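Hello,

Here is the structure I promised to pass on. Please open it first, then read the notes below alongside it.

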Amino acid sequence: MALFQISYPSKVLRKETLLSVCLPNVRYQDAAKEVYDWNKKFAVLYLLHGAGGNHMDWIRYSSVERLADEYQVAVVMPSVGLGFYTDMKYGSPYFTYVAEELPRYMEKVFPITDNPGERFAAGLSMGGYGAMKLGLTFPERFAAVASMSGVLDVEGLMKKEELTREIELDQVLRWCYGDFVGAKAQENDLCSLLERAVERQMKLPRIFQCVGTEDFLYEINQTFLKKAKELEIDLAYEEEPGIHEWDYWEKKLFRVFEWMFSERKV
């Protein structure tokens, strides 16, 4: 396993940006062969952090390196600050960065496939929203997406003003979306993106959603789940006792890898 810590000048963001990349060792029956086969193209998981986190969170608090090696998947972990994986109303175009520039850069610099059938996205909390947004906006680019305790209804969260003040997100959400109208705009609202997919008869990636029953985002997750059921969209949903914390996300990361990659496990 190789772990890369990268700083590069993003043209989209107009600043230096940070990311982490896990690249698995290639497995051979012959131990005398090279650790890496640079002709091999790895499947890739874009693994997104939550609000207040950064590109190092999954490395520090989870078993992502071991899982990447076990399943032979490259894992790319970008950093977007408090940008909600959105082209912010008053800030940086983080969605364009993650959706457009980052994959192009990764596929040129690392042995990562550009095959949409081998491209995946997942994340926790704010990152769960980002992963779903990627998959629903560009379903033709992803094989599967997964949300762990995701902010799957931004407008619904913004309306809980007392809660957003308590977790110090009220101003951040307004920087990102401006107001309720911005949060409800089709490009930002996951339920609206689900409706668009049905109207246009788009083939969606496989979808996984999980949340702890004691999580403060549980109700918001039910809004998204209800909309998916109304539209008869197939998704894998799991809930169990748990709150908004790393003990829960570490456990569910194993489940996400199993759900995404078990059929192609090496």
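**Cysteines**

The sulfur of Cys191 has its closest cysteine sulfur in Cys210, 17 Å away, which is too far for a bond. Please keep in mind that this is a predicted model. A disulfide needs two cysteine sulfur atoms within 2.5 Å. Seen from the other side, Cys210 is in no disulfide either, and the nearest cysteine sulfur to it is that of Cys191. The search of the whole structure agrees: it finds zero disulfides.

Are these two cysteines buried or exposed? Cys191 has a relative accessible area of 8%, so it is buried. Cys210 is buried too, with a relative accessible area of 0%. The cut-off for buried is under 20%.

**Aromatic pairs**

How many aromatic pairs does a search of the whole structure find? It finds 13. One of them is formed by Trp58 and Trp246. The ring centres of Trp58 and Trp246 are 5.0 Å apart, with 85 degrees between the planes. That pair is edge-to-face.

Where do Trp58 and Trp246 sit in the chain? Trp58 is in helix α1, residues 57–61. Trp246 is in helix α11, residues 246–261. The pair therefore links distant parts of the chain, 188 residues apart. In space, the C-alpha atoms of Trp58 and Trp246 are 9.5 Å apart. Both residues are buried. For Trp58 the relative accessibility is 1%, so Trp58 counts as buried.

Trp246 has a second partner to look at, Trp249. The ring centres of Trp246 and Trp249 are 5.4 Å apart and the planes stand at 90 degrees, so this pair is edge-to-face. Trp246 and Trp249 share helix α11. They are three residues apart there, about one turn of the helix. Trp246 and Trp249 are both buried.

Put these rings on screen together with Tyr61. Ring pairs link Trp58, Tyr61, Trp246 and Trp249 into a cluster.

**Charges over rings**

Two arginines are worth a look. Arg141 lies over the face of Phe138, 3.7 Å from the ring centre. The charged end of Arg206 sits over the ring of Trp259, at 4.4 Å from its centre.

**Helix crossings**

Start with helix α3, residues 94–109, and helix α4, residues 126–137. Their axes come within 11 Å and cross at roughly 60 degrees. α3 and α4 are therefore oblique to each other. The crossing of α3 past α4 is right-handed.

Now go back to α11, the helix that holds Trp246 and Trp249. The axis of helix α2, residues 64–71, comes within 11 Å of the axis of α11. The two axes cross at roughly 20 degrees. Angles under 35 degrees count as roughly parallel. That is why α2 and α11 are roughly parallel to each other. α2 passes α11 in a right-handed crossing.

Helix α3 also holds Glu100. How exposed is Glu100? Its relative accessibility is 25%, so Glu100 counts as partly exposed. Along the chain, Glu100 and Val12 are 88 residues apart. Their C-alpha atoms are separated by 9.1 Å.

**Positive phi**

Most residues other than glycine have a negative phi. Which residues have a positive one here? Tyr85 is one of them, with phi near 50 degrees. Ser149 is another, at about 55 degrees, although it is not a glycine.

Tyr85 is in the loop between β4 (73–78) and α3. Its relative accessible area is 1%, so Tyr85 is buried. Ser149 is in the loop between β6 (144–148) and α5 (154–159). Ser149 counts as buried as well, at 0% relative accessibility.

**Where to look**

If time is short, view the cluster of Trp58, Tyr61, Trp246 and Trp249. Then view the loops that hold Tyr85 and Ser149.

Best wishes

Conventions. Residues numbered from 1 in each chain as written. Predicted model: local features only at pLDDT ≥ 70, side-chain atom pairs only at ≥ 80, totals over all residues. Heavy atoms only, no water. Phe/Tyr/Trp six-rings, centres within 6.5 Å; stacked < 30°, edge-to-face > 60°. Helix = DSSP H or I, 4+ residues; strand = E, 2+ residues; numbered from the N terminus. Buried < 20%, exposed > 50% of the residue type's maximum accessible area, 1.4 Å probe, protein only. Lys NZ or Arg CZ within 6 Å of the ring centre and 35° of its normal. Axes fitted to C-alpha atoms, helices over the stretch in contact; angles between N-to-C directions. Parallel < 35°, antiparallel > 145°, perpendicular 65-115°, else oblique. Left-handed = near helix turned anticlockwise from the far one by under 90°.
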